[in-house]
Every structure is written in C-alpha cells, then in structure tokens.
Amino acid sequence: QSIHNGSRRCQGPFVALNCAALPEQILESELFGYVSGAFTGASHKGKAGLFEVAHGGTLFLDEIGELTTMTQGKLLRVLQEKQVMRLGSDRVTPIDVRIIAATNRPLKRLVNEKKFRADLYYRLNVLQLRLYPLRERNEDLISLALFFLQKHAAKMNRKLKFTPKALKELTRHNWPGNIRELENIIERCSVMAEGDRITRDL
C-alpha cells in the first residue's frame, strides 16, 4: 500500500485480495466480476470485479502462487489485453490497473516444475522486491516491538515498557512467524504484564 500511496495513482483506489482465501470459482468472480445469471447464487444485478473496482489505481494480489493454472491463464489475458470480461458476458471493459503481487512461494522453482505459468511469471516480474524475514533484520525488531507495545497498551489504557533483558530476549528468538508472531507475542505480554514493565519471564 505504501507503493500505491507514493505513486501517481495515490488518488485512485487501492484494492487487495488474498488469492489463497477463496475457492477458484469465487476467486474468479471476485477478480473479473459477473453478469446476472452467470452461475447459481449470482446476484441478479451482476457484480463488478476487482479489476474494474481498481481502475485507475492498484490491485494487490497476495499469495499469487496459490492460483490454479486456469485462473493464471485468465489473469494473464487480462494483463496482456488490459481489458476484462465479466463471467457470463461477451462484452469487454478496458482497465488501467497497476498490479502488485506477493508470495512466500519460490515462483521460479514452480515455473521449472510446471506449477506456475512461465508467461505469467515474466509478465509480473517487472520489479522484484524481496522482504527479508524478521530474523535477518534485528535492527527493525526493536522498533517494531516498541510500536506494537504502544499500540496494544493503548487499547487497554496502560503504559508499558520493556526491561532491557526483555528486549535482548526478543533479539535471540528466531521468529519463524515473522511480524505476525512478534505482534501476537507483544499483545500477549501486554495482557499478562502485572505492573508497568514487561520482563524477560513473560
């Protein structure tokens, strides 16, 4: 979202979708939209897809490595032609959307294993940003821990701080769950702290 906010598209919509969260048919209807009667349970009014909703802005596709081969092909066609066709329709709608995609899967290896389309991979891979795991950037860990502590302490109308030993203990952990794990632990400590200090024992 920071990329969107810092771009010329910042006045346009920012739309996000977790590709791993929905079954294939629902995912396609969310992405491309549908017309009335396109499938059982479809709204009689039809529905615009996220490509249409994001027109003039940015569409963030999280967990893109989870897309099926069929959906990958449909996505590639939209990216190449810069137009989208709703499910059940024969009319196309021009779109102007920036795509940002994210995955924790090794897409290049999946391409070699024929599990991810090479043409889609190279279409998406214009600029690649690697986000290093938390265990490889201890310099960010303390700042994040202090931010999350302030956030969760404020929810409970408390003023909390870490002891130096507690902060040192945080830097020793491997953080396999990355930032989500860090925030969950800080929230737990905020709840369990008896005084105004979070100690190593928590």
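**Salt bridges, helix packing and nonpolar cores**

Arg-117 counts as partly exposed, at 30% relative accessibility, in the structure described here, which is a predicted model. The side chain of Arg-117 meets that of Asp-119 in a salt bridge, with an N to O distance of 2.7 Å, and Asp-119 is likewise partly exposed, its relative accessible area being 34%. This pair belongs to a set of eleven salt bridges found by a search of the whole structure. Side chains of opposite charge can pair when their charged atoms come close.

A further salt bridge links Asp-140 to Arg-137, where the closest N and O atoms are 3.3 Å apart; Asp-140 is partly exposed, at 28% relative accessibility. In helix 8 (residues 164-172), Glu-169 and Arg-172 are three residues apart and are therefore separated by about one helical turn, and their side chains meet in a salt bridge with an N to O distance of 3.6 Å. The two partners fall into separate accessibility classes, since Glu-169, at 33% relative accessibility, counts as partly exposed, whereas Arg-172, with a relative accessible area of 54%, is exposed because its value is over 50%. Elsewhere, Arg-109, Glu-113 and Lys-115 are joined into one network by salt bridges that share partners.

The packing of helix 2 (residues 24-32) and helix 4 (residues 69-81) was examined next. Their axes come within 11 Å and cross at roughly 10°, and because angles under 35 degrees count as roughly parallel, the two helices are described as roughly parallel to each other. On the side of helix 2, the contact is formed by Glu-24, Leu-27, Glu-28, Leu-31 and Phe-32, which meet Met-70, Thr-71, Lys-74, Leu-75 and Val-78 of helix 4. By residue class, this contact divides into six nonpolar, one polar and three charged residues.

Two residues of that contact, Leu-31 and Leu-75, reappear in the largest nonpolar core, which holds 26 residues and in which Leu-31, Phe-51, Leu-59, Leu-61, Leu-75 and Phe-116 touch the most other members. Two or more residues are given to this core by each of strand 1 (14-18), helix 2, helix 3 (50-53), strand 4 (58-62), helix 4, helix 5 (107-112) and helix 6 (118-124). Helix 4 contributes the largest share, with four residues. The surroundings of Leu-59 illustrate how parts of the chain meet: when residues up to four places away in sequence are not counted, Leu-59 touches Val-15, Leu-31, Leu-50, Phe-51, Ala-54, Val-97, Arg-98, Ile-99 and Ile-100. A second core, separate from the one just described, comprises 16 residues, including Phe-148, Leu-149, Ala-153 and Ile-198.

Finally, a contact between segments distant in sequence was noted at Arg-135, which lies in the loop between helix 6 and helix 7 (138-155). Arg-135 is partly exposed, with 41% relative accessibility. Its neighbours within four places in sequence being left aside, Arg-135 is in contact with Asn-174 and Trp-175. The C-alpha atoms of Arg-135 and Pro-176 are 7.9 Å apart in space, while the two residues are 41 residues apart in sequence.

Methods:
Residues are numbered from 1 along each chain as its sequence is written. This is a predicted model: local features need pLDDT of at least 70, side-chain atom pairs count only at pLDDT 80 or more; totals for chains, interfaces and linings use all residues. Side-chain values use heavy atoms; hydrogens and water are left out. A salt bridge is a side-chain nitrogen of Lys or Arg within 4 Å of a carboxyl oxygen of Asp or Glu. Buried means under 20% relative accessible area, exposed over 50%, partly exposed in between (1.4 Å probe, protein chains only). Axes are lines fitted to C-alpha atoms, for helices over the stretch in contact, and angles run from 0 to 180 degrees between N-to-C directions. Angles under 35 degrees count as roughly parallel, over 145 as roughly antiparallel, 65 to 115 as roughly perpendicular and the rest as oblique. Contact means heavy atoms within 4.5 Å. Ala, Val, Leu, Ile, Met, Phe, Trp, Tyr, Cys and Pro count as nonpolar, Asp, Glu, Lys and Arg as charged, and the others, Gly among them, as polar. A nonpolar core is a set of buried Ala, Val, Leu, Ile, Met, Phe, Trp, Tyr and Cys residues joined through side-chain atoms within 4.5 Å.
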